[in-house]
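Trainee: I have a structure open and some questions. Can we go through a few residues together?
Mentor: Sure, pull it up.

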Amino acid sequence: MSEKVYIFGDEFGTSTLNQNDVKNITHFVYAAIVVKESNLDKAREVRDSISVNFFYGNPIKSNSKVLKDEKKRIEILEYLIKNLNFIIYLLVVDKEKLSKDTGGLRFKEVFYKYFRGIFVSQINNNFSEFEIFMDNLISEKYSSELKNYIQQNYQNNFFEQYHISDDKEEPLIQLADLIAGSYGRVFNASFISNNSEDIFYTLKPITPNITFFPDKVANKTFVVNPEKQIDSEVYEIVRNDAIKIYDEIADDISKAVLDYLLWHQKVLPFKYAQTYEITNALKYYTGKELSIENLRIIVKELRFKGIIIVSSSSTSGYKLAVNKSDVHTYFTHYLNYILPMLKKIEIANGVFANKTVGDFIPLSDMEELKNLVETLSIK
């Protein structure tokens, strides 16, 4: 029989779906730490130790002034990971993808209820015996409504296993707050810094998966295990060339776009950076607006410099290649344009070849294009 676990959850972000969110919080993060029952007393000792040694005995808050020094945040995370055996469950909600079809999600209570339901369902599906403590949100009335929602939508004794609390009643929620706030600084452009990458890789070993919402496949899990999927040779070639070209670029906006793609390649190597994410990040960092059309022009110019920026017909985003599959996607993307164009030229050339216009056949005077068209007949 598997050991009972205790789960403590908290969130980072706002429910605002407006793309003009004053805090520019594009991604809402739910985070939970999962601790085995045999490690529960140790978890309380570690929380108390972090409070005393880093927060002057005060509660652990991710927005504490202590953590304005992000090196200190990383030091605390490393201390936590070194001294406590636990894992992290993470749900990242891309709010701007929801803004076009909000429905009831534009209401704060509905937003929190809906995504908390998705989040706790992951836990319910993965553990047979557990107790879960989630931070209290909004109001007592909302907490009561949420409990009723859970009671109606989950079977067995889940309701008895689920508790809404606050970080004074259950101090271990403070550790979840620290984790949620740290991941918030990874996924939200307005919080990204030179330390975001270090935060991500500090937490990665104890985060077995990240679930993104929405996704093409409902509740699809994004596995954070790039060692099994990144082709190191391709990754290094693309990255080193991009860094070299970055140093040669004079235009600040183009440099900012490439800088964002380089960061995204490190943190989320298998996901496309959506166009709005890139433009929002640039607005935050440079204070300048960048239209989608101008972004496409910049990407085109960077590709002409030899940077392998991948896109696909099914997404409006971009990413730097990290494996052979990405490179094939890059070439296939252009092949889908090139072959139909060559076919049209072949057909147009045939119009003149089959009619008498003197000895005029367009491709006979265009050797390079003629050679390309002739490749269509090679089997």
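Trainee: Is Glu170 buried or exposed?
Mentor: Glu170 counts as buried, at 7% relative accessibility. Keep in mind that this is a predicted model.

Trainee: Which side chain does Glu170 meet in a salt bridge?
Mentor: Arg44. The N to O distance is 2.8 Å.

Trainee: Where do Glu170 and Arg44 lie?
Mentor: Glu170 is in the loop between strand E5 (162-165) and helix H7 (173-187), and Arg44 is in helix H1. So the pair ties together parts that are 126 residues apart in sequence.

Trainee: And is Arg44 buried or exposed?
Mentor: In between. Arg44 has 30% relative accessibility, so it counts as partly exposed.

Trainee: How many salt bridges are there in the whole structure?
Mentor: A search finds 8. One of them joins Glu131 and Lys4, with the closest N and O atoms 3.3 Å apart. Glu131 is in strand E4 (residues 130-135), while Lys4 is in the segment before strand E1 (5-12). They are 127 residues apart. Both Glu131 and Lys4 are buried.

Trainee: What about Asp48 and Arg47?
Mentor: Their side chains meet in a salt bridge too, at 2.9 Å, N to O. Asp48 is partly exposed at 39%. Arg47 is buried at 11%, because buried means under 20%.

Trainee: New topic. Where is Ser62?
Mentor: In the loop between helix H1 (40-54) and helix H2 (70-83). Ser62 is buried, with a relative accessible area of 5%.

Trainee: What is Ser62 in contact with?
Mentor: Leaving aside neighbours within four places in sequence, its contacts include Leu67, Arg73, Asp177 and Arg185.

Terms used: Residues are numbered from 1 along each chain as its sequence is written. This is a predicted model: local features need pLDDT of at least 70, side-chain atom pairs count only at pLDDT 80 or more; totals for chains, interfaces and linings use all residues. Side-chain values use heavy atoms; hydrogens and water are left out. Helices (H or I, at least four residues) and strands (E, at least two) are DSSP runs, numbered from the N terminus. Buried means under 20% relative accessible area, exposed over 50%, partly exposed in between (1.4 Å probe, protein chains only). Contact means heavy atoms within 4.5 Å. A salt bridge is a side-chain nitrogen of Lys or Arg within 4 Å of a carboxyl oxygen of Asp or Glu.
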